[in-house]
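Q: I'm new to this one and would like a close look at how its charged side chains pair up. Could you walk me through that part, and then show me what lies around it?

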Amino acid sequence: MPETILNRKWKLFVIHHSHTDIGYTERQEKIERYHVDFIRQALRIWEEAKSGKRNEWKGFKWTCETFWAVERFLEKASLDEKERFADALRDGDIELSGTYLNLSELIGYDTLAKKLQAAGNYAQSIGVSVNASITADVNGYSWGYSQALYDAGIQNLYSCVHTHHGMFPIGRKQTPFYWETPRGDKVLVWNGEHYMIGNDLGLLPNGSFSYTIQDEFYTNGAAEDHWKLAETRIQRYLEQLESESYPYDFAIVNVSGLLTDNAPPSGTIMEFIQEWNEKHGDRIEIEMTTLHKFFEHVRTQSFPIPVYKGDWPDWWTDGTISTAVHTQVFRDAQRTMQLAKTLSDTNSLLESRISDAEHQLMMYAEHTWGYHSSIYEPWHPMVHALAVRKEAYAANASRQAYEVLDDLLYGKGAANLAAGLPFRYKVINPYEHPVRDTAQIYLENWEPSLFTDGFEVYEETSGLTVPHQLEKVSRGHQITIYQELASKEERYYRIRPQNRSTAVTTSSIRLMGLDRVDDLLDLYPAVDSRGSANGIMIAENVIKSPFVCIRWDGNGIFSCIDKVSGREMIRTDAQHRAFTPVYELTKAPSESQMADVRRRMGRNRKGIDVQRHVGKWSGANSVVQGELYGVVELKYLLEGTSYYSLYLKVYRDMARVDVSVRLHKNSVWDPENVYISLPFGTDSQNEQVWLDKAGAPVRPGIDQLPGTLIDYYCVQEGYAHLSDRFGLLVSTPDTPLIQTGSLEYETRLLNGQGGARNADRPLYSWVLSNYWETNFKATLGGFYEFQYKLQWGEEWDTPEKAFQKCLELNTELPAFRTKEPGNV
């Protein structure tokens with residue numbers, strides 16, 4: 001070992017664990033098998049060390065990184081194995097982490113909070129406690145994650161960020177801070193190193209590599225001179241900490257039993273530690289430890305620990321948009337399960353079925369997005385097999401959630417398809433507050449023919465006719481009715497023949513010539529055949545309702561005016577018009593460099609030579625102009641696609657616009673991004689942007705940790721622009737990522753750096769990407785539909801109100817056909 005120039009005696013704590021990466025290195029079910037056996041292996045090593053059979057392993061510790069692995073073990077273990085495992089946990093040398101899985105930010109707060117309690121619940125059953133968690137690889141968490149940890153009794157978090165295409169927070173690692181939760185509690189965080197830094201340092205003989213540390217000892221496995229590598233690297237590492245004004249006389253590192261994720265335990269590490277301490281323990285002592293003991297040590301230190309509050313955005317949640325269709329299915333399943341919970345009376349059978357769906361949701365939200373060679377050999381059978389399994393989690397969650405919802409609705413009177421069903425429908429408000437919204441009821445394809453002169457919809461109790469709008473859709477004929485329902489109210493409707501003809505004729509006040517070109521504004525309000533003003537007007541360059549006027553020209557949508565207040569809700573400083581698509585392509589020099597070109601992108605998610613294409617408006621068509629709403633289609637030409645259309649739906653009775661973006665993406669191997677411009681605002685000086693993050697609303701750049709990501713965020717149901725007396729909310733049911741940073745390739749700024757305030761920029765929905773060089777889906781080709789719903793007004797004055805409304809907009813009111821009263 002080089003002659004020491006260290007200024008203090010050091011202790012190097014070591015956490016030995018297996019990084020859980022489900023589907024990155026092997027089939028998901030095989031990784032499950034591995035982790036079950038890893039616990040058995042750790043148990044054997046510990047028992048042999050404890051008994052004295054293998055004294056060279058004395059001091060062995062093992063941290064179960066995720067409780068998911070422990071659950072799988074407990075499912076497969078014999079009674080004897082379960083008891084031996086419990087004994088090891090009680091002894092303290094094998095420990096539980098409170099982490100359930102290393103997650104993306106997709107998962108909803110209720111499921112997250114429930115799963116974070118699982119380790120503690122099991123621990124309590126065997127007489128131990130869990131007060132610490134370790135996460136590895138993932139680059140961040142929603143602010144609500146901190147609250148869920150604290151509420152589960154987990155007061156310590158050891159975060160081991162993988163900085164590839166990401167970064168650790170607060171500007172330095174190997175340092176503690178208190179993470180203040182949304183409710184003001186505090187979780188002690190140790191901002192750690194990469195989860196295999198101990199292998200870089202040589203703690204595993206024949207298992208060293210040069211990933212974090214790249215020096216003259218470059219190795220991947222067995223080093224030419226292992227001891228020289230370990231002695232040199234460990235000393236240099238500690239010298240560097242001292243030179244960076246590191247205050248402590250200890251540090252913590254992780255080590256893996258093999259040079260891979262999903263690795264087994266190894267007693268050999270303890271052999272090395274014992275030998276090291278015999279040689280160098282007087283200057284640098286190495287101790288294998290547990291999370292509990294390490295944080296116990298940290299809390300005894302006298303140095304002040306800073307407190308930070310807010311969101312910790314995850315750099316790696318962008319994997320979700322490489323499989324955008326299945327992420328859309330996941331998000332719908334999560335909302336459907338939430339609706340089922342709202343409608344249900346708790347019972348054990350239902351709870352079990354909901355738990356099954358939550359498990360599938362967690363597995364899809366787990367941070368691994370595919371096999372490690374997805375980009376450079378996308379044809380490989382393992383790439384396809386693991387992708388199908390990953391996507392199946394979303395599909396399984398969807399099926400299970402809808403089966404639970406179907407059963408609940410049938411329990412509330414929903415009828416199966418049968419001959420002779422009455423035209424009777426039930427609409428339910430599942431919420432504890434009044435709602436104003438539309439509901440959709442349906443006729444089968446052949447049923448309108450039963451109403452020769454048309455039909456009308458009426459409310460069963462009062463007999464009063466209600467306005468409706470009929471539209472042909474894929475599942476038959478959709479009838480939209482406007483609803484104002486009290487808290488938990490259930491209302492019945494029926495359909496009956498109408499007495500008046502609905503024959504089409506010409507209008508004496510509609511200013512459209514025989515050329516059928518809509519380029520004039522009517523002087524009189526449009527009316528239907530009954531003489532009532534419907535307030536919907538569509539022309540070649542405008543769509544209007546009593547609440548909104550949207551205009552476009554040859555460059556796209558440039559104006560969206562709230563007609564009640566006169567506010568312009570599209571920013572004038574936006575580079576791209578509302579809902580205009582932006583396509584980016586970074587060409588690889590050759591097929592053999594598809595992975596390399598992505599690897600060099602860093603945190604820009606694109607190359608310096610990125611080619612950027614903006615969609616060009618190419619025409620407009622009036623699709624529907626009815627009694628309740630009107631729909632217009634805007635067409636665009638966009639590089640990288642063969643089809644891109646935008647459908648705008650405006651309502652007569654609501655300050656609301658529904659938007660549907662439909663596109664056919666070409667299949668391209670090179671790295672790509674697709675954004676949709678959302679340049680909205682309230683035209684107010686005191687406007688703030690709020691994001692619906694899991695567990696807490698967040699103001700980007702304000703309610704977040706220093707040194708964290710400010711380019712994009714993962715939202716649950718949407719986001720909102722709020723000012724003192726006006727709010728504009730945008731629900732995003734299908735796609736989770738909101739881009740706040742510049743689209744340009746440039747030095748990326750972190751929160752608190754250089755006065756950066758990306759949330760002041762016009763926003764984008766980041767809908768598609770395949771930039772990652774390992775486990776993203778290689779091609780984005782296919783058909784997509786992304787929906788957005790805008791609502792505005794004075795009532796949306798808090799983020800809580802806005803995001804409850806976003807949830808309601810993204811979740812249709814339960815409405816179904818039902819039998820006559822008394823019929824079962």
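A: Let's start with arginine 571, which counts as partly exposed because its relative accessible area is 24%. Keep in mind that this is a predicted model. Arginine 571 forms a salt bridge with aspartate 573, and their closest N and O atoms are 2.8 Å apart. Aspartate 573 is partly exposed too, with a relative accessible area of 48%.

Now move along the chain to another pair. Aspartate 703 and arginine 699 form a salt bridge, with 2.9 Å between the closest N and O atoms. Here the two partners fall on either side of the 20% cut-off for "buried": aspartate 703 is buried at 11% relative accessibility, whereas arginine 699, at 21%, is partly exposed.

Salt bridges can also join up into something bigger than a pair. Asp215, Glu216, Arg233 and Arg236 are linked in a network of them. If you search the whole structure, you'll find 56 salt bridges.

One of these deserves a slower look. The side chains of glutamate 358 and lysine 114 meet in a salt bridge, at 2.6 Å from N to O. Glutamate 358 belongs to helix H12 and lysine 114 to helix H4, so this pair ties together parts that are 244 residues apart in sequence. On the glutamate 358 side the bridge is buried, with a relative accessible area of just 2%. Lysine 114, on the other hand, is partly exposed at 34%.

Both of those helices lead us to neighbours. Take H4 to begin with, residues 109-116: its axis comes within 9 Å of the axis of helix H6 (residues 143-151), and the two cross at roughly 35°. The crossing is right-handed. On the H4 side, the contact is made by Tyr109, Leu112, Ala113 and Leu116. H6 brings Gly144, Tyr145, Gln147, Ala148, Leu149 and Asp151 to that contact.

Next, H12. Helix H12 (348-365) is among the elements that cover the buried residues of helix H2, and others include helix H1 (28-51), strand S2 (62-64), helix H3 (79-91), strand S3 (94-96) and helix H5 (118-125). Eight of the 10 residues of H2 (residues 67-76) are buried, so H2 is largely enclosed by the rest of the structure. Those buried residues are Phe67, Trp68, Ala69, Val70, Glu71, Arg72, Phe73 and Leu74, so you'll spot the charged names Glu71 and Arg72 on that list as well.

For another charged residue tucked away, try glutamate 456. You'll find glutamate 456 in strand S15 (residues 455-459), and it is buried, with a relative accessible area of 13%. Leaving aside neighbours within four places in sequence, glutamate 456 is in contact with Thr465, His468, Arg494, Ile495, Arg496, Pro497 and Gln498. To get a feel for scale, hop from glutamate 456 to glycine 98: they are 358 residues apart in sequence and 57 Å apart in space, C-alpha to C-alpha.

Finally, here's something without charges. Leu511, Leu520, Leu523 and Tyr524 form a nonpolar patch on the surface, with about 440 Å² of accessible area together. Leucine 511 sits in the loop between strand S19 (490-497) and strand S20 (537-539). With a relative accessible area of 32%, leucine 511 is partly exposed.

How values were computed: Residues numbered from 1 in each chain as written. Predicted model: local features only at pLDDT ≥ 70, side-chain atom pairs only at ≥ 80, totals over all residues. Heavy atoms only, no water. Patch = residues over 30% accessible without salt bridge, like charges linked within 9 Å, V, L, I, M, F, W, Y side chains within 5 Å. Areas by Shrake-Rupley, 256 points an atom, 1.4 Å probe, with all protein chains shown as cover. Salt bridge = Lys/Arg side-chain N within 4 Å of Asp/Glu carboxyl O. Helix = DSSP H or I, 4+ residues; strand = E, 2+ residues; numbered from the N terminus. Buried < 20%, exposed > 50% of the residue type's maximum accessible area, 1.4 Å probe, protein only. Axes fitted to C-alpha atoms, helices over the stretch in contact; angles between N-to-C directions. Left-handed = near helix turned anticlockwise from the far one by under 90°. Contact = heavy atoms within 4.5 Å.
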